[in-house]
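This report looks at how two protein chains meet and at how strands are arranged within each of them. The sequence and the structure come first, and the description follows.

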Amino acid sequence: MDTHTFTRRIPVDAGYDVCVLGGGPAGAAAAIAAGRLGARVLLVEGTGCLGGMGTSGLVTAFDPMANGAEMLVGGIMRQIVETLHREGELGPGMSPEIFAKGYMRWTPFRVEGYKRVLDRLATAAGVEVRFFTRLCDAEADSGAGRVEGVVLNNVEGWRMVRAATFIDATGDAVLAAAAGAACREAGRDSPRIMPATMASLFAGPVDWRRCTWQAQQDGLKRALADGFFTQPDRHLPGLSVVGDSLGYLNGGHLFDLNALRCRDLSAGAMLGRRLAKEYLEFFKRYVPGCEQLEHATTASLLGIRESRRIVGEYELNVQDYLARRHFPDQIGLFNKFIDIHPYDCSDAEWARFRAEKDEPRWKLGPGESFGIPYGVLVPRGWKNLWVAGRCVSSDLQVHGVIRVQPTAAMMGQAAGTAAVQALRHGQTACDLDTAALVASLRDQGANLPQAVLARTATRS
Amino acid sequence: MDTYAFNRRIPVDQPYDLVVAGGGPGGCGAAICAARLGARVLLVEGTGALGGMGTSGLVSLWMSLADGQRMIVGGLIGELLETLHAEGGFRPGTDPAAWRQRLHGGVGFNAEALKRLLDRLCREAGVEVRFFSRVIDAEAADGRIAGVVVNNVEGHRYVPARAFVDATGDAVLATLCGAACRRAGRDTPRIMPPTLCARIAGMDWSRWDYGLMLRRIMDGVAAGAFSQPDRHVPGLFAGGATTGIQNAGHIFGTDALDVHSLSAAMARGRELAAEYAAWFRANLPGCEGLELTATAALLGVRESRRIVGEYEVDYADFRARRMFPDQICVYNKAVDIHVYDCSDAEWERYHAEFTTDDRPGPGEVYGLPYGILVPRGWRNLWVAGRCNSSDLKVHGAIRDQPACYMMGQAAGTAAVQAIRSGQTACDLDTAQLVETLRGAGAYLPQRETAREMTKKPSAG
């Protein structure tokens with residue numbers, strides 16, 4: 001292939017303690033945590049808001065944060081949910097009974113309230129946020145396991161940013177890959193790619209007493225039998241109430257979409273919009289109470305579920321999950337089921353998905369939880385680079401559990417805290433004092449009940 | 001200042017006829033029309049949707065479309081209007097006289113319908129759309145661009161082409177190439193403030209009274225009801241049965257070319273959007289159920305940077321309702337320079353310019369000549385959209401989406417003509433251009449055409 005030699009002298013910004021790439025749930029939490037600890041933090045975000053999948057992606061419901069007995073999720077994520085609740089920005093009918101106690105209960109929220117809460121928290125933590133700024137490239141010594149700087153681009157042009165530590169919260173492990181860290185790519189290192197979705201908000205009036213989850217599933221069956229959809233997709237997560245006249249739809253799958261390919265993303269965005277319209281018409285025709293629905297908006301980012309993950313110091317696996325394993329160096333607890341959306345519309349895939357989601361042998365019960373150990377955040381052998389969010393190190397099945405917003409936030413908080421600790425105490429990412437990390441996270445309100453701590457991380 | 005030597009060998013794409021930077025109104029006009037003429041077109045767009053300010057910016061309203069007797073906008077924008085109408089993209093019951101006849105008539109639309117329509121028109125015309133991609137640099141010399149550097153999740157790509165259209169709104173590509181530009185706030189004393197628009201739902205449009213809104217805003221400002229005493233509130237506009245957009249709240253002192261100012265403006269814009277939505281809900285009939293659905297993904301930038309073109313259309317041209325032999329569209333919107341601050345003087349200045357001073361009356365239009373699209377002396381670069389070459393006042397009038405679509409159509413058509421004939425941008429046969437545009441449905445009522453474009457060295 002033909003190449004073009006491209007040379008520029010670009011300005012350098014230096015002096016940052018922590019540079020966080022990506023302002024989604026993980027990146028925002030990482031930046032807020034680091035900022036609160038007094039570090040000089042730069043948060044780089046490609047869109048014009050924080051919150052990633054929860055805002056630009058319109059996935060406006062938080063996955064289960066409690067296990068029927070207690071709230072598993074603590075720290076910044078807990079603070080966010082409690083703030084949204086206090087300010088009336090959760091969906092109608094939401095209460096601590098649900099988000100702090102419920103078993104396998106989702107918490108819908110109003111997207112604008114969430115965006116504003118994150119803006120405020122980042123500002124209060126002293127984080128410098130650069131919106132509409134993208135990571136283009138990196139300067140790294142993969143042999144030494146160090147990132148030297150990141151190359152950014154925005155309306156001002158090119159900028160090289162040097163920082164002591166870096167957190168890749170891009171979702172696609174963009175920085176990790178650019179720096180030369182080992183990664184697993186869906187579709188290359190595993191045979192299939194979990195489909196994406198373009199989420200929507202629909203506007204009412206909706207009669208929510210009639211538009212129940214069951215009514216939606218019944219309507220789906222009838223529509224499938226009628227051959228209504230262009231894709232005979234049995235998996236409809238459904239329409240949830242987020243406002244008096246607003247519903248959030250997570251529906252319609254973009255199969256075989258490789259989020260690392262511009263062609264797939266572009267075609268996916270267009271197909272996603274067509275599918276969203278198709279689902280709007282489905283609801284109007286087949287689901288009682290939805291006859292007057294209008295399309296409010298589709299998401300500005302595709303809801304990517306899987307793309308690229310690092311190979312970490314620890315790769316959390318399904319045996320750990322099924323054993324309900326707790327770790328001395330765990331940085332968060334969770335209990336959601338294995339949620340790997342069907343790879344296609346076949347019977348086999350539908351059966352596989354349903355089994356993982358519903359069967360007792362796959363699922364954690366009320367009161368149970370598993371731990372997420374620190375090592376999933378660290379590309380193996382790297383000294384000043386962490387990842388947080390869906391690109392952490394896990395096998396396929398556990399990835400299906402922990403790829404969601406509340407876990408991303410817990411991981412981000414841990415990464416941000418770890419980065420500051422490494423900087424202040426001369427430690428490295430791959431050899432961090434995890435007892436000190438857990439103590440620090442507990443001070444920040446993280447829910448980490450392990451009885452025994454450990455100086456060194458659990459390693460694969 | 002410390003600099004970094006950025007040196008990469010980047011892959012090269014197969015050459016295109018035309019690369020269009022930016023998928024907003026200007027870019028879509030250029031790309032679709034050029035592709036329909038048989039050119040191989042690449043359209044590079046940073047978000048995941050086409051339509052720019054009308055979709056990602058949620059300024060889902062097109063105004064000043066007719067002169068009291070006939071529609072004055074034609075070509076692609078005329079096609080978009082009629083197609084959206086036929087496909088239910090307007091509020092039910094919308095009277096087509098709004099765009100086909102009414103003086104300064106306008107229509108609100110559903111942004112989702114426009115996104116899907118532009119997706120479809122690009123696909124049908126054969127435009128290659130790369131979403132989530134940005135033009136970040138260019139190789140140019142002697143008034144000619146050889147290629148541009150495009151960046152996205154795949155990294156950098158060098159794209160050679162024969163012609164280029166800068167539809168970035170901020171004259172990004174023109175600036176990268178060293179074309180002369182006027183930057184608001186540097187070359188002019190002040191910058192028109194942007195607004196972060198929002199999608200709203202839950203409206204009872206049958207009881208909405210725009211005139212009442214204007215009066216209540218004045219009362220509210222006098223009573224100190226707002227965080228800033230801004231009398232200039234464009235307000236709410238219907239786009240569906242219960243949905244629409246909110247255009248309210250100026251973020252004064254924003255420089256959209258400064259990433260920190262731009263970032264702060266997004267956060268402030270979200271606060272203002274929430275403030276106004278709550279105020280409308282509490283104070284105006286029809287708004288009792290109003291819900292703020294989502295703020296826009298892009299800031300509604302009104303002014304940033306414009307090229308210095310082969311012709312700079314000015315207020316004298318506007319007042320004289322000048323017709324040009326080489327005009328590529330006609331328009332009739334009044335000078336619309338939003339208040340620079342909340343002073344009485346500014347309110348009076350804005351109001352006079354927009355509602356009385358030389359506001360085009362029935363049957364009156366002014367022409368926009370071809371030369372406003374061409375950076376002076378450039379051979380294969382055009383601009384389309386708000387970064388055209390105009391003085392402050394005319395820029396205030398012609399920065400709107402309908403004019404941008406028409407400029408885009410002209411730029412794309414000119415690019416194809418240049419490629420096929422061997423002509424250059426700055427020496428194009430404008431008689432041929434006008435004929436081609438007329439053949440595509442553009443309304444160009446000039447009695448004579450001319451081989452040579454109208455050139456005028458701009459002042460200063």
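Two strands are taken to pair if DSSP finds at least two bridges between them. By that criterion, strand 12 of chain B and strand 13 of chain B are a pair, running in the antiparallel sense and held in register over four bridges. The model described here is a predicted one, and local features are reported at pLDDT of at least 70.

**The sheet of chain B**

The pair just named belongs to an open sheet of four strands in chain B, which has the order 12-13-11-14 and antiparallel pairing. Its edge strands are strand 12 (235-238) and strand 14 (291-295) of chain B, each of which pairs on one side only. From one strand to the next, the twist averages 30°. A hairpin of five residues leads from strand 12 of chain B to strand 13 of chain B, and between these two strands G235(B) has N247(B) as its bridge partner. Strand 13 (residues 244-247) of chain B also pairs with strand 11 (residues 198-201) of chain B, again in the antiparallel sense, over three bridges; here I200(B) stands opposite G244(B).

**The sheet of chain A**

Chain A likewise contains an open sheet of four strands with antiparallel pairing, in the order 11-12-10-13. Strand 11 (238-243) and strand 13 (294-298) of chain A form its edges, each pairing on one side only, and the twist from one strand to the next averages 30°. Within this sheet, strand 10 (residues 200-203) and strand 12 (residues 246-250) of chain A pair in the antiparallel sense over four bridges, with L249(A) as the bridge partner of S200(A).

The strand pairs described in this report, including the one that links the chains, are set out below.

| Strand pair | Sense | Bridges | Partner residues |
|---|---|---|---|
| Strand 12 and strand 13 of chain B | antiparallel | four | G235(B) and N247(B) |
| Strand 11 and strand 13 of chain B | antiparallel | three | I200(B) and G244(B) |
| Strand 10 and strand 12 of chain A | antiparallel | four | S200(A) and L249(A) |
| Strand 1 of chain A and strand 1 of chain B | antiparallel | nine | T3(A) and P11(B) |

**The interface between the chains**

Strand pairing also crosses from one chain to the other: strand 1 of chain A and strand 1 (residues 3-11) of chain B run antiparallel and are joined by nine bridges, among which T3(A) has P11(B) as its partner.

In total, 71 residues of chain A are in contact with 68 residues of chain B. About 6,300 Å² is buried between the two chains, 54% of it on carbon and sulfur atoms. The polar side of the interface comprises 40 residue pairs in polar contact, counted where both residues are at pLDDT 80 or more. To the side of chain A that touches chain B, strand 1 (residues 3-21) of chain A gives the largest share, 10 residues. The residues on that side of chain A divide into 31 nonpolar, 16 polar and 24 charged.

Seven salt bridges are counted between chain A and chain B. In one salt bridge, the side chain of R270(B) meets that of D119(A), at 2.7 Å from N to O.

Conventions:
Residues are numbered from 1 along each chain as its sequence is written. Chains are lettered from A and ligands numbered from 1 in the order in which they are written. Side-chain values use heavy atoms; hydrogens and water are left out. Contact means heavy atoms within 4.5 Å. Buried area is the accessible area (1.4 Å probe) that two parts lose on being put together, summed over both. A salt bridge is a side-chain nitrogen of Lys or Arg within 4 Å of a carboxyl oxygen of Asp or Glu. A polar contact is a pair of N or O atoms within 3.5 Å; within protein, one must be able to donate a hydrogen and the other to accept it, and residues adjacent in sequence count only if both atoms are side-chain atoms. Ala, Val, Leu, Ile, Met, Phe, Trp, Tyr, Cys and Pro count as nonpolar, Asp, Glu, Lys and Arg as charged, and the others, Gly among them, as polar. Axes are lines fitted to C-alpha atoms, for helices over the stretch in contact, and angles run from 0 to 180 degrees between N-to-C directions.
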